[in-house]
Amino acid sequence: MKELFELEKKLGVVFKNKDLLRQALVHRSFINENPESGFENNERLEFLGDAVLELIVTEYLYLNYKNPEGELTAWRAALVNAKKLAEIADSLDLNDFLMLSRGEAKDNGRARQYILANALEAVIGAIYLDSGFEKSKEFIEKVKFFTNS
């Protein structure tokens, strides 16, 4: 696994609590294979990050578009989905930092895309806990969640 400071540079976020960033990168398969590691998996951070991301995207859509609720909901779903999350995670080279079991590390198919998407949500949760809502919002804007490119 590469050094965390390299990931911090890619994210544009320096963590006060590096353990939060590390936890965001730990897949449950790694824990199953390495129960003595002392690490927690990233699922709780993923849960939090998902909510933070949805709130920030919802706020953006609400403030920038006067469309009815149904359209805004559809747009949010188009912006916050596994494919988009995996693409952004890939652009940040998040895969290079993941802690996976040997079996998961070999699989580069569809399952890996979901692992990347979930890890990005976990990173967002870690940013939120470490630096708050505004820093989370800055990160989400920086990685271009609100554009099609």
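Is His27 buried or exposed? Keep that question in mind while you open the model, which is a predicted one, and begin with the whole chain before selecting single residues.

**The whole chain**

Show the protein chain as a cartoon and follow it from the start: you will pass nine helices and zero strands, in the order α-α-α-α-α-α-α-α-α. The C-alpha trace spans about 50 × 35 × 25 Å along its principal axes. For 149 residues, a compact globule would have a radius of gyration near 15 Å, and the chain has 15 Å, which agrees. Buried residues make up 42% of the 149 residues. If you consider contacts between residues at least 6 apart in sequence, 64% of them join residues at least 24 apart. Now switch on the surface, where the chain exposes about 8400 Å², with carbon and sulfur atoms supplying 51% of that area.

**His27 and its surroundings**

Select His27, in the loop between α2 and α3 (28–33). His27 is buried, because its relative accessible area is 13%, and the limit for calling a residue buried is under 20%. Show the side chains here, and you will find that the side chain of His27 makes a polar contact with the side chain of Ser29, at 2.8 Å. Setting aside residues up to four places away in sequence, His27 touches Asn41, Asn42, Met99, Leu100, Glu104 and Ile115.

**Back a little, to Ala24**

Next, select Ala24, which lies in helix α2. Its relative accessibility is 0%, so Ala24 counts as buried. When neighbours within four places in sequence are left aside, the residues in contact with Ala24 are Asn42, Leu45, Ala119, Ala122, Val123 and Ala126. For a distance to check in the viewer, take the C-alpha atoms of Ala24 and Asp50, which are 26 residues apart along the chain and separated by 13 Å.

**Along helix α4**

One of the contacts of Ala24, Leu45, is also a buried residue of α4, so select residues 43–64 to show this helix whole. At 1.5 Å a residue, its 22 residues should span 32 Å, and its end C-alpha atoms are 31 Å apart, which agrees. Which residues of α4 are buried? Colour Leu45, Glu46, Gly49, Val52, Leu53, Ile56, Val57 and Leu61, for these are buried. If you then look down the axis of α4, the buried residues fall within an arc of 160°, so they line one face of the helix. An α-helix has 3.6 residues a turn, so residues three or four places apart point the same way. Turn to the other side of α4, where Arg44, Phe47 and Tyr62 are exposed. The buried residues of α4 pack against α2 (18–24), α5, α6, α8 (110–131) and α9 (133–142).

**Helix α1 and Lys10**

Move to helix α1, residues 4–11, in which Leu4, Leu7, Glu8 and Leu11 are buried. They cover an arc of only 105° around the axis, which puts them on the same side of α1. These buried residues pack against α2, α8 and α9. Just after α1, Gly12 takes a positive phi of about 75°.

Within helix α1, now pick out Lys10, which is partly exposed, with a relative accessible area of 30%. Leaving aside its neighbours within four places in sequence, Lys10 is in contact with Leu92, Asp93, Phe97 and Lys142. Lys10 and Glu138 are 128 residues apart in sequence, and their C-alpha atoms are 14 Å apart in space.

**Two loop residues to finish**

From Lys10, step across to its contact Asp93, found in the loop between α6 and α7 (102–106). Asp93 counts as partly exposed, at 29% relative accessibility. What is the phi of Asp93 near? The value is near 55°, a positive phi in a residue other than glycine. Most residues other than glycine have a negative phi.

Finally, select Asn81, in the loop between α5 (69–79) and α6 (82–91). Asn81 counts as partly exposed, at 27% relative accessibility. A polar atom of the Asn81 side chain lies 3.0 Å from the backbone nitrogen of Lys83. As a last distance to draw, join the C-alpha atoms of Asn81 and Ala111, which are 30 residues apart in sequence and 14 Å apart in space.

Terms used
Residues numbered from 1 in each chain as written. Predicted model: local features only at pLDDT ≥ 70, side-chain atom pairs only at ≥ 80, totals over all residues. Heavy atoms only, no water. Helix = DSSP H or I, 4+ residues; strand = E, 2+ residues; numbered from the N terminus. Buried < 20%, exposed > 50% of the residue type's maximum accessible area, 1.4 Å probe, protein only. Polar contact = N/O pair within 3.5 Å; in protein donor to acceptor, adjacent residues only side chain to side chain. Expected span 1.5 Å × (residues − 1). Arc of directions from axis to C-beta. Contact = heavy atoms within 4.5 Å. Rg over C-alpha atoms; globule rule 2.2 N^0.38 Å. Areas by Shrake-Rupley, 256 points an atom, 1.4 Å probe, with all protein chains shown as cover.
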